[in-house]
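Here is a short briefing to read with the model open beside you. It goes through a few helix contacts, a loop residue and some aromatic rings.

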Amino acid sequence: MVLVIMEENMEYTQKLMEEYKEAAGPLMKYLPWLEQNAGKAGNSFYKGPEFTEHSMAIPVFDSNLMSFVKEAGNSPLMDRNYPYTYTRNRIKTHDDERKIITRAGIRDWNILKGILSKYVLGGRTKGLLWSEGLQENIFYLILKQMQQIIEYWDKPADIE
């Protein structure tokens, strides 16, 4: 009886890991760039030759950041109900986000998705969130934690 339950749990976990790998895998190519650019703004402001003190500067985002945001936005990792992640887990600051991210395990995958979604989806209406996600190291920490979860749990079952 116990062996049957263990096998069912392992099958479920392996199925879950396949889903997680499929969702997060394409974004892992951005990990080195995100690590290298952690703490940087990821954008600059275009001020053309006609720029005056009454002109509005236009943000210009790094092309790698835009590629990451576009790919993440089209992935199954997006959660349109991300505000509930913040209220349920009492997340208010970047430090709260970083603490939750670094402690996250397999059961906290939806929390990681919620935090990522805040910056990716929220950036569609407030573009500086994309830069904030890079500058505050949120994007890197989320992908790194997802990678660690997948690597830890994606092991073949040794049950005979």
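In this predicted model, helix H6 meets helix H7 through Lys118, Tyr119, Val120 and Gly122 on the H6 side and Leu129, Trp130, Glu132 and Gly133 on the H7 side. By class, that contact divides into four nonpolar, two polar and two charged residues. The points below start with these two helices, then move on to the loop that joins them, a second helix pair and the aromatic rings.

**H6 and H7**
- H6 covers residues 109–122 and H7 covers residues 128–135; their axes come within 7 Å and cross at roughly 140°.
- An angle over 145 degrees would count as roughly antiparallel, and at roughly 140° the two helices are therefore oblique to each other.
- If you would like to see which residues of H7 are buried, look for Leu129, Trp130, Ser131, Gly133 and Leu134.
- Leu129, Trp130 and Gly133 of H7 are in the contact with H6, and these three are also among the buried residues of H7.
- After H7 comes asparagine 137, which has a positive phi, near 70°.

**Arginine 124, in the loop**
- The loop between H6 and H7 holds arginine 124.
- Arginine 124 has a relative accessible area of 47%, so it counts as partly exposed; over 50% would have made it exposed.
- Leaving aside residues up to four places away in sequence, arginine 124 touches Gly73, Arg80 and Trp130.
- One of those partners, glycine 73, is 51 residues from arginine 124 along the chain, with 9.5 Å between their C-alpha atoms.
- Another partner, Trp130, belongs to H7, where it is one of the buried residues.

**H5 and H8**
- Helix H5 (residues 94–103) packs with helix H8 (residues 138–153) at an angle of about 15°, and the axes are 9 Å apart.
- Angles under 35 degrees count as roughly parallel, and H5 and H8 are therefore roughly parallel to each other.
- The crossing of H5 past H8 is left-handed.
- From H5, the residues in contact are His94, Glu97, Arg98, Ile101 and Thr102; from H8, they are Ile138, Leu141, Ile142 and Gln145.
- This contact of H5 with H8 is made up of four nonpolar, three polar and two charged residues.
- A general point helps when you look at such helix faces: an α-helix has 3.6 residues a turn, so residues three or four places apart point the same way.

**Aromatic rings**
- How many aromatic pairs are there? The count comes to five.
- Phenylalanine 68 and phenylalanine 139 are edge-to-face, because their ring planes stand at 65°, with the centres 4.9 Å apart.
- Phenylalanine 68 sits in helix H3 (residues 63–73) and phenylalanine 139 in H8, so this pair ties together parts that are 71 residues apart in sequence.
- Are these two rings buried or exposed? Phenylalanine 68 is buried, at a relative accessible area of 0%, and phenylalanine 139 is buried, also at 0%.
- Tyrosine 152 and tryptophan 153 make another edge-to-face pair, 5.2 Å from centre to centre and with 80° between the planes.
- Tyrosine 152 is exposed, with 52% relative accessibility, while tryptophan 153 is partly exposed, at 34%.
- Ring pairs also link Tyr30, Phe68, Tyr119 and Phe139 into a cluster; of these, Tyr119 takes part in the contact of H6 with H7 as well.

Conventions:
Residues numbered from 1 in each chain as written. Predicted model: local features only at pLDDT ≥ 70, side-chain atom pairs only at ≥ 80, totals over all residues. Heavy atoms only, no water. Axes fitted to C-alpha atoms, helices over the stretch in contact; angles between N-to-C directions. Helix = DSSP H or I, 4+ residues; strand = E, 2+ residues; numbered from the N terminus. Parallel < 35°, antiparallel > 145°, perpendicular 65-115°, else oblique. Left-handed = near helix turned anticlockwise from the far one by under 90°. Contact = heavy atoms within 4.5 Å. Nonpolar A, V, L, I, M, F, W, Y, C, P; charged D, E, K, R; others polar. Phe/Tyr/Trp six-rings, centres within 6.5 Å; stacked < 30°, edge-to-face > 60°. Buried < 20%, exposed > 50% of the residue type's maximum accessible area, 1.4 Å probe, protein only.
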